[in-house]
Amino acid sequence: MADRREIDLRAAINAISDVVQNRPRPLREMDQIYMKSGDMVLQSEIVAKWANKKKLAFIGDGDAISVCVAYMKHRGILDYGPSEIAVFDFDERICGAVSRFADKEHLPTLGATLYNCLDEFPRIGEYDCFYTNPPWGASNEGASVHVFVQRGMEAVGNCGEGMVVIADDHEIEWPQRVLASTQSFALQRGFYIQRMASRLHHYHLDDNPDLKSCNLMLKSLPGNAALEISEAISDPERLEHFYGKDQHIRIKYVREKKRVDYGQANDSEYFYEQFE
């Protein structure tokens with residue numbers, strides 16, 4: 001890859017600040033844990049380079065990395081980035097925040113769709129690459145990670161690349177098990193591990209503030225059959241402890257109650273729509 005010019009760090013941090021100000025508060029019971037702002041700057045640059053001139057699908061995006069990438073390219077802070085960014089998230093607050101920011105800042109390449117990963121994926125094979133930072137699967141050996149990765153693979157039609165952001169700790173047992181199971185899942189689906197950038201990101205995580213995550217880079221094997229069908233997921237074994245110990249999936253969508261100023265969010269901004 002050709003050398004890139006150095007970015008204006010102050011401009012990048014200020015751009016990330018604009019995005020964070022627009023972002024809804026995380027719901028811890030839904031395993032929404034946000035990346036710290038300094039790491040968001042670095043991650044946005046990594047994603048923009050990796051997906052340069054490509055169509056990129058985000059399978060969930062509480063961190064708002066999608067918005068950061070589009071915004072920093074639009075502002076000229078980055079001179080590279082995806083040609084199209086689509087966010088698929090079950091939280092209507094997140095989708096609304098993405099859409100409003102894109103409209104306000106005139107980001108025509110950025111859009112969002114309300115989508116639950118248990119449903120069949122609506123746009124199979126329309127993207128070149130996917131990005132996901134899913135529930136990390138501490139209590140289910142990574143089964144929740146696999147669901148999000150599967151939807152990403154469907155987004156690229158089994159022919160493309162993926163970036164999976166999951167816990168990475170060399171001392172704690174469960175992150176190592178999840179990493180191993182995710183790599184096995186990818187290989188079973190016809191994707192190999194292209195590379196891994198270890199222990200990159202910090203989070204606003206009260207019960208384990210030192211826990212970091214990695215970028216696990218996947219690439220489809222040559223000759224993979226193009227994917228044409230996506231199906232809903234209902235296997236109880238894949239859904240158990242999805243958001244943590246005894247935190248099973250009951251919520252289909254997080255619904256937004258009303259338009260709020262996310263800089264001063266309040267408890268009345270959302271309600272849950274449950275599965276029937």
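Me: How many residues does the largest nonpolar core have?

Reply: This is a predicted model, where local features need pLDDT of at least 70, side-chain atom pairs count only at pLDDT 80 or more, and totals for chains, interfaces and linings use all residues. Residues are numbered from 1 along each chain as its sequence is written, and side-chain values use heavy atoms, without hydrogens and water. A nonpolar core is a set of buried Ala, Val, Leu, Ile, Met, Phe, Trp, Tyr and Cys residues joined through side-chain atoms within 4.5 Å. Val47, Leu110, Tyr131, Ile166 and Leu218 have the most contacts inside the largest core, and its residue count is 59.

Me: Okay, which helix gives the most to this core?

Reply: Helices (H or I, at least four residues) and strands (E, at least two) are DSSP runs, numbered from the N terminus. One helix, residues 65–74, puts in seven residues, and that's helix α3.

Me: Is Asn215 buried or exposed?

Reply: Asn215 sits in strand β7, residues 213–220. Buried means under 20% relative accessible area, exposed over 50%, partly exposed in between (1.4 Å probe, protein chains only). Asn215 has just 2% relative accessibility, so it counts as buried.

Me: Which strands stand at the edges of the sheet?

Reply: The open sheet has seven strands in the order β3-β2-β1-β4-β5-β7-β6, with mixed pairing. Two strands pair if DSSP finds at least two bridges between them. Each edge strand has a single partner, so one side has no neighbour in the sheet, and these strands are β3 and β6.

Me: And which residue in β4 is the bridge partner of Ala57?

Reply: Strands β1 (residues 55–59) and β4 (residues 129–132) run parallel as a pair, with three bridges. The β4 partner of Ala57 is Phe130.
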